[in-house]
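Thank you all for making the time this morning. I would like to walk through one model with you, so please bring the sequence and the structure up on your screens before I start.

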Amino acid sequence: MKPENIYYKIADLKLELYKIQCKNWIPSKSKGTGAAGITLEKMLQKEEDHYILPDYHGIELKTKIEGSEPFVSLFSMAFDNKPLEIRRLLKIGGYPDKNNPNFKVFQTSIYGNYRKIVKRNLSYQLQVDYSNQVIRLVILDLHFQLFDNNMSWSFEQLKSRLEHKMKYLAFIPVKRWYINQTIYFRYLNAKFYRLKEFEIFLKLIENGIIRVTFRISYFKDKERLGEIHDRGTTFEIREEDIPKLFDEI
């Protein structure tokens, strides 16, 4: 998209967000942790989807409830070096679910600037491998000897995902209120950003500014009970660190 075109789109989005702000408190149109974002998309007359393209005419929308967990999801991307690597990760590092020890889960966040021990078993760290153009998940045993480093994301696919999904970002803080078991949202003034160079993304991984969160669980309904439920592998950044990856427009 040409630069002059994106500024028209940003101006359009600002106007639509202003109209939504004028409605003040809006009842939630969804449930769960993504309700604020889904409600906003419905107010913008955008159908809910799971595509890897930006939400609004080339602009990715990110909402965040004030006072909630500090990290913001950038995008989701599974390992791309081999198929079924998530299953292998669960087999290697999975631990019994606290509610049902018969089934294993792997739910944790991994960083590039220190090793994280998960359930006192193995330790994990992200490694930016410039020689092979990949980001690796490095797993060490209890004696800090290499256990596995074959799961990875390629620079090529990461760069493509970033530039298609996150080139332009609208970050919208949200206030939340509960009344009689109904959730209401109020959308505050948005900030607009343009993505910096891909090399900065890699440096932020190395320095632990961007982390990767795994949410590997299992289905709990009778038909699929115990089957692997991959709820996403997400690259995340703290709200306060967004300007390290993006330039404000």
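How much space lies in the second largest pocket? The volume comes out at about 180 Å³, and I should say straight away that this is a predicted model, so every value I quote is computed from predicted coordinates.

Let me stay with that pocket for a moment. Its lining is made up of Y95, P96, D97, K98, N99, V105, Q107, K119, S217, Y218, K220 and R231, and if we sort these residues by character, four are nonpolar, three are polar and five are charged. Three strands each supply at least two residues of this lining, namely β4, residues 95–96, β5, residues 104–110, and β13, residues 210–218.

Those strands lead us to the sheet they belong to. Five strands form an open sheet in the order β3-β14-β13-β5-β4, with antiparallel pairing, and the edge strands are β3, residues 71–76, and β4, each of which pairs on one side only.

Let me take the pairings in turn, beginning at the β4 edge. β4 and β5 are paired in the antiparallel sense over two bridges, and here the pocket lining comes back into view, since Y95 has V105 in β5 as its bridge partner, and both Y95 and V105 are among the lining residues. Moving on, β5 is joined to β13 by five bridges, again antiparallel, with T108 of β5 having F214 in β13 as its bridge partner. Five of the seven residues of β5 are buried, so this strand is largely enclosed by the rest of the structure.

The next pair is β13 and β14, which are antiparallel over eight bridges, and in this pair F214 stands opposite T233 in β14. At the other edge, β3 pairs with β14, residues 228–238, in the antiparallel sense over five bridges; within that pair, S73 has E236 in β14 as its bridge partner, while V72 stands opposite I237 in β14. Two helices pack on this sheet. Helix α4, residues 155–165, touches β3 and β14, and its direction makes about 110 degrees with that of β3, whereas helix α5, residues 198–206, touches β3, β13 and β14, and its direction makes about 70 degrees with that of β13.

One lining residue deserves a closer look. Is S217, which is in strand β13, buried or exposed? With a relative accessible area of 7%, S217 counts as buried, because the cut-off for that word is under 20%. Leaving aside its neighbours within four places in sequence, S217 is in contact with V105, Q107, E227, I228, H229 and R231, and of these V105, Q107 and R231 also appear in the lining of the second largest pocket.

Now to another sheet. Four strands form an open sheet in the order β6-β7-β8-β9, with antiparallel pairing. The edges are taken by β6, residues 116–118, and β9, residues 146–154, and each has a single partner strand, so one side of each is left without a neighbour in the sheet. From one strand to the next, the twist averages 30 degrees. β6 is joined to β7, residues 122–129, by three bridges, and the two run antiparallel; I117, for instance, has S123 in β7 as its bridge partner.

Which helices pack on this sheet? Helix α3, residues 85–93, touches β7, β8, residues 134–140, and β9, and its direction makes about 155 degrees with that of β9. Helix α4 also packs here, touching β7, β8 and β9, with its direction at about 45 degrees to that of β9. You will remember α4 from the five-stranded sheet, where this helix touches β3 and β14.

I will finish with helix α2, residues 35–43. Why do I describe α2 as largely enclosed by the rest of the structure? The reason is that seven of its nine residues are buried, and the buried ones are A35, A36, G37, I38, T39, L40 and E41. The helix is followed by Q45, whose phi is positive, near 60 degrees.

That is where I will stop, and I am happy to take comments.

Conventions: Residues numbered from 1 in each chain as written. Predicted model: local features only at pLDDT ≥ 70, side-chain atom pairs only at ≥ 80, totals over all residues. Heavy atoms only, no water. 1 Å grid on protein atoms, 1.4 Å probe; cavity = no way out; pocket = protein on both sides within 12 Å on 5 of 7 lines; lining within 4 Å. Points joined across faces, edges and corners; volume = space filled by probe spheres on them. Nonpolar A, V, L, I, M, F, W, Y, C, P; charged D, E, K, R; others polar. Pairing = 2+ DSSP bridges. Contact = heavy atoms within 4.5 Å. Axes fitted to C-alpha atoms, helices over the stretch in contact; angles between N-to-C directions. Buried < 20%, exposed > 50% of the residue type's maximum accessible area, 1.4 Å probe, protein only.
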